[in-house]
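I opened this one to see how the helices sit and where the charged side chains pair up. Notes are in the order I looked things up.

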Amino acid sequence: MSPANATLRMSPACPGGTHERPEMRYLLVFAERDDAEEVAEALGERFPALGTPQVVRETLAGEDDAEDAQWLVVLEGLDEGGLPEVDALVEDHDGWREPG
């Protein structure tokens, strides 16, 4: 795991809070803007402490046609325990998850 992709957070479960736990950033990738926006809204409702994730457009390198752009949902601060639910939601909207 690259330090640029993780933020260390103190774990309250460890005595004295000395154990650090990585908090990942994930990119949820979609072909359609509507899918990305629906997933971002659903995640904001399901995980309110995270807020509504940001939706951004990413043009693929070397692509001139704007229709070839992908839509990303930037998800930060989610513990790994929430990933199965996120993955199911993303798959239902024809997307996939990548580490950010």
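What follows are my entries on the fold, the two helices, the core and the salt bridges.

**Entry 1: the fold**

I'm working from a predicted model, so I kept that in mind throughout. I counted the elements and got 2 helices and 5 strands in the protein chain. Reading along the sequence, I get β-β-α-β-β-α-β. I then looked up burial: the protein chain has 100 residues, and 34% of them count as buried. For contacts between residues at least 6 apart in sequence, I find that 53% join residues at least 24 apart.

**Entry 2: helix α1**

I checked the length of α1 against what a helix should give. With 14 residues at 1.5 Å a residue, α1 should span 20 Å, and its end C-alpha atoms are 20 Å apart, so the two agree. Next I listed its buried residues: D35, A36, V39, A40, L43 and G44. They cover an arc of only 165 degrees around the axis, which puts them on the same side of α1. On the other side I find D34, E41 and E45, which are exposed.

**Entry 3: an aspartate that caught my eye**

D35 is in helix α1, and I wanted to know what its charge is doing. What is the nearest side chain of opposite charge to D35? I found R33, 12 Å away, and D35 has no salt bridge although it is buried. Leaving out residues up to four places away in sequence, I see D35 touching F30 and H93.

**Entry 4: helix α2**

I ran the burial check on α2 as well. Its buried residues are L83, V86 and V90. Looking down the axis of α2, I see them fall within an arc of 60 degrees, so they line one face of the helix. The face turned away from that buried side carries P84, E91 and D92, which are exposed. Just after α2, I noted that D94 takes a positive phi of about 60 degrees.

I spent a little longer on L83, which belongs to α2. L83 has 10% relative accessibility, so it counts as buried, the cut-off being under 20%. Setting aside neighbours within four places in sequence, I have L83 in contact with Y26, L78 and R97. L83 and Y26 are 57 residues apart along the chain, yet I get 9.9 Å between their C-alpha atoms.

**Entry 5: the core**

Which residues have the most contacts inside the largest nonpolar core? I get L28, F30, L43, L75 and V86, in a core of 16 residues. I then asked where the core comes from: β2 (20-30), α1, β4 (70-78) and α2 each supply at least two residues.

I picked L75 for a closer look. Not counting residues up to four places away in sequence, L75 touches M24, R25, Y26, L28, L43, L50, P53 and V86. L43 turned up earlier among the buried residues of α1, and V86 among those of α2.

**Entry 6: salt bridges**

How many salt bridges does the structure hold? I count 3.

The R33 and E37 pair comes in at 2.8 Å between the closest N and O atoms. R33 and E37 are 4 residues apart in helix α1 (residues 33-46), which means that about one helical turn separates them. I checked accessibility too: R33 is partly exposed at 44%, and E37 is partly exposed at 34%.

R46 and E85 make another, with the closest N and O atoms 2.7 Å apart. I noted that this pair links distant parts of the chain, since R46 is in helix α1 and E85 is in helix α2 (residues 83-92), 39 residues apart. R46 has 44% relative accessibility and counts as partly exposed, and E85, at 37%, also counts as partly exposed.

R97 and D87 form a salt bridge as well, at 2.6 Å from N to O. R97 lies in strand β5 (residues 96-99) and D87 in helix α2, so I read this pair as tying together parts that are 10 residues apart in sequence. R97 counts as partly exposed, at 31% relative accessibility. R97 had already come up in my notes as one of the contacts of L83.

Technical notes:
Residues are numbered from 1 along each chain as its sequence is written. This is a predicted model: local features need pLDDT of at least 70, side-chain atom pairs count only at pLDDT 80 or more; totals for chains, interfaces and linings use all residues. Side-chain values use heavy atoms; hydrogens and water are left out. A salt bridge is a side-chain nitrogen of Lys or Arg within 4 Å of a carboxyl oxygen of Asp or Glu. Buried means under 20% relative accessible area, exposed over 50%, partly exposed in between (1.4 Å probe, protein chains only). Contact means heavy atoms within 4.5 Å. The expected span of a helix is 1.5 Å times one less than its number of residues. The arc is that of the directions from the helix axis to the C-beta atoms. A nonpolar core is a set of buried Ala, Val, Leu, Ile, Met, Phe, Trp, Tyr and Cys residues joined through side-chain atoms within 4.5 Å. Lys and Arg count as positive and Asp and Glu as negative; His and the chain ends are not counted.
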